[in-house]
Amino acid sequence: MSAKIPPKCPPPADHPLLEKLKAALGDAILNHGVTPEGHLCLMVPPGKVREVATKLKELGFDHVLSLSAVDYMAEGKFLVTYVYASYLNPDLKNQLLHVRAEIPRNDPKIASIADIYPSADYDERECHEMFGIWFEGNPHMGKRFLLDPDCCIDEKTGKPLYPLRKDFKVPDWGLMG
């Protein structure tokens, strides 16, 4: 039995923010849907994540609440998800906007938005350590952030291993008896 692969974007549905975002983002929206919790989700090209982030800031989304990735190993892709929110704009106060972009697993690079949204910095660094995704422009890429300096290094090659990739092999530390 194999695990069910989560959808990259939920089913399309109406959402109060959709028309405003379509007008602002234009062809940067590849697809859209609404999560079961009622959050609008937009799929965007990876080359437009900075443009989208800049426009969302202009529209009043004042921080990135989270940034994460999902490993679609069978497809050879990562799905990078940004969740935008606002503390200050009353019209956006109860909205969480998911923006997602697919990147190739064999060359996992995407532009950093940490200079636009400083709250994305730690999440970009965590995604780098856990998945090996390189956020171009983030000055902290390649430095250890959460993991022990000796953890997750290939003993033969000396290259880092990424513990949240689906092909990561958990080392046998002899703890199972």
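Okay, one term before we start: a pocket here is an open set of grid points with protein on both sides within 12 Å along at least five of seven lines. Keep that in mind, and keep in mind too that what you see above is a predicted model.

So, what is the volume of the largest pocket? About 290 Å³. Its lining has 13 residues, and those nearest the centre are Cys152, Ile153, Glu155, Leu161 and Pro171. As for chemistry, the lining splits into eight nonpolar and five charged residues, with no polar ones.

Let me zoom out to the whole chain. We have three helices and seven strands, and reading from the N terminus the order is α-β-β-α-β-β-β-β-α-β. Along the principal axes, the C-alpha atoms fill a box of roughly 55 × 40 × 30 Å. The chain has 177 residues, and 45% of them are buried. If you take contacts with a separation of 6 or more, 55% come from residues 24 or more positions apart.

Now to the charges. Side chains of opposite charge can pair when their charged atoms come close. How many salt bridges do we get? The count is ten, and I'll walk through a few.

Start with aspartate 27 and lysine 48, where the closest N and O atoms are 3.1 Å apart. This one joins distant parts of the chain: aspartate 27 is in the loop between α1 (18-25) and β1 (31-34), while lysine 48 is in the loop between β2 (40-43) and α2 (49-59), 21 residues apart. Is aspartate 27 buried or exposed? Exposed, because its relative accessibility is 61% and the cut-off is over 50%. Lysine 48, with a relative accessible area of 22%, is partly exposed.

Next up is aspartate 115 with arginine 50, whose closest N and O atoms are 2.7 Å apart. Aspartate 115 sits in the loop between β6 (109-111) and α3 (121-131), and arginine 50 is in helix α2, so this pair ties together parts that are 65 residues apart in sequence. On accessibility, aspartate 115 is exposed with a relative accessible area of 57%, and arginine 50 comes out partly exposed at 32%.

The third pair is within a helix. Aspartate 121 bridges to arginine 125, with 3.3 Å between the closest N and O atoms. Why are they about one helical turn apart? Because they are four residues apart in helix α3. Both of these residues are buried.

There is also a network: Lys8, Glu75, Lys77 and Glu102 are linked by salt bridges.

Last stop, arginine 100, in strand β5 (residues 97-104). This residue is buried yet has no salt bridge. Which side chain of opposite charge is nearest to arginine 100? That would be glutamate 37, at 7.5 Å. A salt bridge needs the nitrogen within 4 Å of a carboxyl oxygen, so glutamate 37 at 7.5 Å doesn't make the cut for arginine 100.

And what does arginine 100 contact, leaving aside neighbours within four places in sequence? The list has Pro7, Lys8, Cys9 and Pro10, then Cys41, Leu42, Met43 and Val44, and finally Leu79, Val80 and Thr81. Notice Lys8 in there: the lysine touching arginine 100 is also part of that salt-bridge network with Glu75, Lys77 and Glu102.

That's my tour, thanks.

Definitions and conventions
Residues are numbered from 1 along each chain as its sequence is written. This is a predicted model: local features need pLDDT of at least 70, side-chain atom pairs count only at pLDDT 80 or more; totals for chains, interfaces and linings use all residues. Side-chain values use heavy atoms; hydrogens and water are left out. Helices (H or I, at least four residues) and strands (E, at least two) are DSSP runs, numbered from the N terminus. Buried means under 20% relative accessible area, exposed over 50%, partly exposed in between (1.4 Å probe, protein chains only). Lys and Arg count as positive and Asp and Glu as negative; His and the chain ends are not counted. Contact means heavy atoms within 4.5 Å. On a 1 Å grid over the protein atoms alone, a cavity is a set of points where a 1.4 Å probe fits but cannot get out, and a pocket is an open set with protein on both sides within 12 Å along at least five of seven lines; lining residues have an atom within 4 Å of a point. Grid points are joined across faces, edges and corners, and a volume is the space filled by probe spheres set on the points. Ala, Val, Leu, Ile, Met, Phe, Trp, Tyr, Cys and Pro count as nonpolar, Asp, Glu, Lys and Arg as charged, and the others, Gly among them, as polar.
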